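Reader: I would like a close look at one part of this structure. Please take me from the overall build to the nonpolar residues, inside and out.

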Amino acid sequence: MQAFTVLVLKIAFLTILWLFILVIAAVVNADMVGRRQKKSARLTGDGPQPDVPPPAKQARKRRKEPWVLAIDSGLHAGDRLQLVPEVRIGRSETCELVLDDDYVSSTHALLSHRDDGTWVLKDLGSTNGTYVNSQRIGDPTIVSVDDTIRIGDVQMRLET
Amino acid sequence: MAATVQGYRIRGATQLILILFGQSIGFAGYILTGLFRDNAVPAQWPVLAICWYGLGVLVHIGARIAIPYADPVILPITLALTGIGLATLHRIDLTSGTSPMLGNQFVALVIGVALLLVIVFLVKDPRRLKGYPFLLSALGFLLLLLPLVPHLGTEVYGSRIWISVGGFSFQPAEIAKIVLAASFAAYLADKTEVLALAGRRILGLELPRMRDMGPVILMWVLSLAIMVFENDLGTSLLFFGLFVMMIYVATARVSWIILGLILFGAGGAFVLKFAGHVQRRIDFWLHPFDFPNDATQIIQAQFGLSHGGLLGSGWGLGRPDLIIFSYSDMISAATGEEIGIVGLMAIIVLYGLLVFRGLKTSLVATDIFVKLFAAGLSFAFLLQTFAIIGGVTRLLPLTGLTTPFMSQGGSSMIANWILVATLLVISNQARRPQLQAAVGPEGVTALGEEYTQVFSTRELAQIGTGTIRPVLPIATQQVRLGASGNVVPDDNEWTGNDELTQAVPVPAPEPPVVPTPAISPPAPTPAVPPPASSPAVPAPAPAPVPASAPPVFSAPVVPGSGVTRPTSPGPTAPGPTPPAPHDPEEDDYFGRGMD
């Protein structure tokens, strides 16, 4: 067989071999991304709405308070989420904010609104910790619009 | 919040296409060998094609039926590697002049695939193995030391790692690696806490307590014994490395790795001094050309790979007949010569992908034993492949391990298919749609791995009709089936296992929290949330069951009504409200401290 033909067939074989690897990588990728899309669809989709509207007299006060959680990086980056008075954050389906990240515990942290208008972030015994401005928090911590919250790979902020 | 079915899709068609694609690589090698050597496609190609692709379709159908949710790329990669190995063996057959190996190897492959099918159809819950840590370790150690028994063990080319019974020879270490991975996982799943937390800090290194060191010392002595008496560096390294890696995975303490390295280094230095053959292995590795008569195969492999160059000499055009053991230990050199470094790298990447999928399976699994088992199997596979390919390419001293799926040899082929079968069963269990069935009144799931059993929707329907029973005494009364087959947690009093309701109490909020999830999409303005718009469908509340009562599995099926969770259990829900169960240990064993 001619040397040139051999060369062409050799290269064709190696191309098929590496193509196989690329296809495997594509399938693995689709496996992951497919799952994530499903999650975010549920998070931002037509989920159940809060049952109890805030009392009318508080409505005006609320405007100045942060009631939006902006996600800056990690899963759902760019999302802005309307908060409810009590937000459990974790990987479990039952949390109000589901973060499907390997470094997030099933019920990781609790973000709760207090009567004086501030928000308190409490770590619920998570494995990898809850961070406010890069400091791991042990006790419940008051967070404001200036603070950066990090859970797993997800960074978020409060916004008004 | 209704429990949502969550899981990976079934990737049936994808898997079949990938399997056929992967098989075609080896088959192309076979066809090219004929083309390059004889200018003709081998005459018997239709028969071989039917057998080869038939096997692939068969294993796909079996996997599709028994383990539909299993990782769709593990089988295709395995078959691609097997195919490349078979093509290489066939190619060596053509020039070796000895009896053909392809037939025997194919028989071993068929046995391996048959065992895979048996395992995936019969083994439903790998967690069963957790109950027998000592039996498993005894069996594993027995297998490892079997070659030392006089008359049973045989010494082949200096290494005493074979046993020979009635004309058949077998390498028990191949099976032992699976058994020992299971036993290590069972032991560590039990001891993770102690091994991870207890200890003192000396010189900035957290040292474990002496009494926790027992198993490590035992493994160390055993691996040194293998090194000295069985004369096999590779097996010794494989098992000690496996144990140390699994402890590290279980505890996330770097000190275990450092300790392992120190122990192995000290043992190695001792053996180096008193056992001459290990020293020789090292010399052959560092200066093979000083020993042209002894380090022959290393030198030959170097020349082979160098002759192959970047793109290889082409299938059938290399000289594997010049390499001793080109069909077993040195098969990566024989293949590498003909498909070049570009091809050999692709093979290494395929092995890497297989290990990656194994570790991913471990990450996805919920049970700590299963997690560790999958990780252990992946590490055993990784260490073995690394040691042998590293030895052939002179990255490491050459050891007598087989190249999984490629080397000629029945025991290796069969054992590695069993390993893949185990990973697939674990993967299927981890990736299928899961419902957290243990649901308290808060809708919070108790996921402590000891107490959680996951069900598929079909199984939940079966629990509802009483066809099957859950293993755990969970409060099945709280799981009802809607018309859609979805399971909704009841808002009734929590009656589950007391152990489920330990852990961190969530501060009782004031005023009471609305239990429904309510993170809504981006708010255009800091708006007032929309008014309540969730008409509750009141569900018939089952009678509370005392916590001590034996589980009665009679989840009432509500026909046709599409029961949803009543939206406001609120403060008026009957019975006491237990704190939200949360077990911080339930997940992220792999993530601990890895922020």
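Reader: To start, how many helices and strands does the secondary structure of chain B come to? Then show me where its nonpolar residues gather.

Author: Keep in mind that this is a predicted model. Chain B has 15 helices and 9 strands. Of its 595 residues, 55% are buried. Take the contacts in chain B between residues at least 6 apart in sequence: 73% of them join residues at least 24 apart.

Now go inside. The largest nonpolar core holds 141 residues. Five of them touch the most other members: A:Leu17, B:Leu116, B:Leu350, B:Leu372 and B:Trp417. Helix H13 of chain B, residues 368–392, gives the most to this core, with 15 residues. Look at A:Leu17 next. Leaving aside residues up to four places away in sequence, A:Leu17 touches B:Ile25, B:Ile84, B:Ile339, B:Gly343, B:Ala346 and B:Leu350. Another core lies apart from this one. That other core has 23 residues, including A:Val87, A:Val104, A:Ala109 and A:Leu111.

In soluble globular proteins, nonpolar side chains tend to be buried together. Now turn to the outside. Chain B exposes about 24,400 Å², and carbon and sulfur atoms supply 68% of that. One nonpolar surface patch covers about 610 Å². Its makers are B:Val57, B:Ile61, B:Ile65, B:Val118, B:Phe121, B:Leu122 and B:Val123. Helices H2 (45–66) and H4 (102–122) of chain B each supply at least two residues of the patch. Pick out B:Ile65, which sits in helix H2 of chain B. B:Ile65 counts as exposed because its relative accessible area is 58%, and the cut-off for exposed is over 50%.

Terms used: Residues numbered from 1 in each chain as written. Chains lettered and ligands numbered in written order. Predicted model: local features only at pLDDT ≥ 70, side-chain atom pairs only at ≥ 80, totals over all residues. Heavy atoms only, no water. Core = buried A, V, L, I, M, F, W, Y, C linked by side-chain atoms within 4.5 Å. Buried < 20%, exposed > 50% of the residue type's maximum accessible area, 1.4 Å probe, protein only. Helix = DSSP H or I, 4+ residues; strand = E, 2+ residues; numbered from the N terminus. Contact = heavy atoms within 4.5 Å. Areas by Shrake-Rupley, 256 points an atom, 1.4 Å probe, with all protein chains shown as cover. Patch = residues over 30% accessible without salt bridge, like charges linked within 9 Å, V, L, I, M, F, W, Y side chains within 5 Å. Salt bridge = Lys/Arg side-chain N within 4 Å of Asp/Glu carboxyl O.
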